Amino acid sequence: MSTAVYPGSFDPMTNGHLDVIRRTAAIFDRVVIGILINQNKQPMFSLEERVEMIREATKDIPNIEVYTFSGLVVEFAKKMNASVLIRGLRSMVDFEYELQMAQINRKIDDEIDTLFFATNPEISYVSSSAVKELWHYRQDITDYVPECVIGKLEEKENDYER
Ligand code: PNS
């Protein structure tokens with residue numbers, strides 16, 4: 001069984017992430033989405049919320065599993081019986097960072113390789129941070145994120161106002 005791990009922060013997941021997930025799921029038998037537990041970052045969404053949003057947005061794709069992980073991504077991949085890491089490439093800026101990360105990961109463990117997907121050009125300028133900023137300034141983000149993410153953002157806003 002071929003397994004690919006798609007790691008990231010997913011704070012929150014965007015339609016760019018979803019596009020990469022769909023394309024990976026069409027190629028691999030099993031796609032494991034790994035959300036990094038990062039003590040150094042203050043996320044907008046808790047790990048539970050991020051897991052929930054990804055599960056909801058991918059509920060029509062049967063071969064998806066969602067987990068959180070800490071430590072090295074190659075160790076997580078090994079634990080999941082995966083030999084491939086997936087990343088999306090939006091631009092040359094991404095490329096420099098991603099190339100370095102892929103090379104470091106391969107140096108740590110040469111049994112784990114990284115595969116890149118060129119992201120959908122229609123939304124290649126979208127990032128999780130841009131989505132959060134646009135939402136903050138009350139801009140329309142319906143083209144950029146799955147519906148459940150907008151639902152979660154609205155819930156947060158209501159909790160805050162209460
Ligand atoms: O969505 P992001 O924040 O761009 O994802 C980055 C991620 C989670 C893929 C990366 O930070 C990661 O793999 N972190 C785990 C630590 C690790 O394995 N580091 C070695 C590669 S430099």
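This report covers the ligand site and the pocket that holds it in a predicted model.

## Basis

Local features need pLDDT of at least 70 and side-chain atom pairs pLDDT 80 or more, while totals for chains, interfaces and linings use all residues. Residues are numbered from 1 along each chain as its sequence is written, and side-chain values use heavy atoms, without hydrogens and water.

## Ligand shell

The ligand is surrounded by P7, G8, S9, L36, K41, G71, L72, V73, R87, M101 and N105 (a heavy atom within 4 Å). Five of these shell residues are nonpolar, four polar and two charged (Ala, Val, Leu, Ile, Met, Phe, Trp, Tyr, Cys and Pro count as nonpolar, Asp, Glu, Lys and Arg as charged, the others, Gly among them, as polar). β1 (3-8) and α4 (92-108) each supply at least two shell residues (DSSP runs: helices H or I, at least four residues; strands E, at least two; numbered from the N terminus).

## Polar contacts

Polar contacts are pairs of N or O atoms within 3.5 Å. A ligand oxygen lies 2.6 Å from a side-chain N or O atom of S9. A ligand oxygen is 2.9 Å from a side-chain N or O atom of R87. For V73, a polar backbone atom is 2.8 Å from a ligand oxygen. Alone, the ligand exposes 560 Å², and the protein buries 74% of that (Shrake-Rupley, 1.4 Å probe).

## Lining by element

α4 gives the most to the lining of the largest pocket, nine residues (lining residues have an atom within 4 Å of a pocket grid point; a pocket is an open set on a 1 Å grid over the protein atoms alone, where a 1.4 Å probe fits, with protein on both sides within 12 Å along at least five of seven lines). The lining divides into 21 nonpolar, 17 polar and eight charged residues.

How values were computed
Polar contact = N/O pair within 3.5 Å; in protein donor to acceptor, adjacent residues only side chain to side chain.
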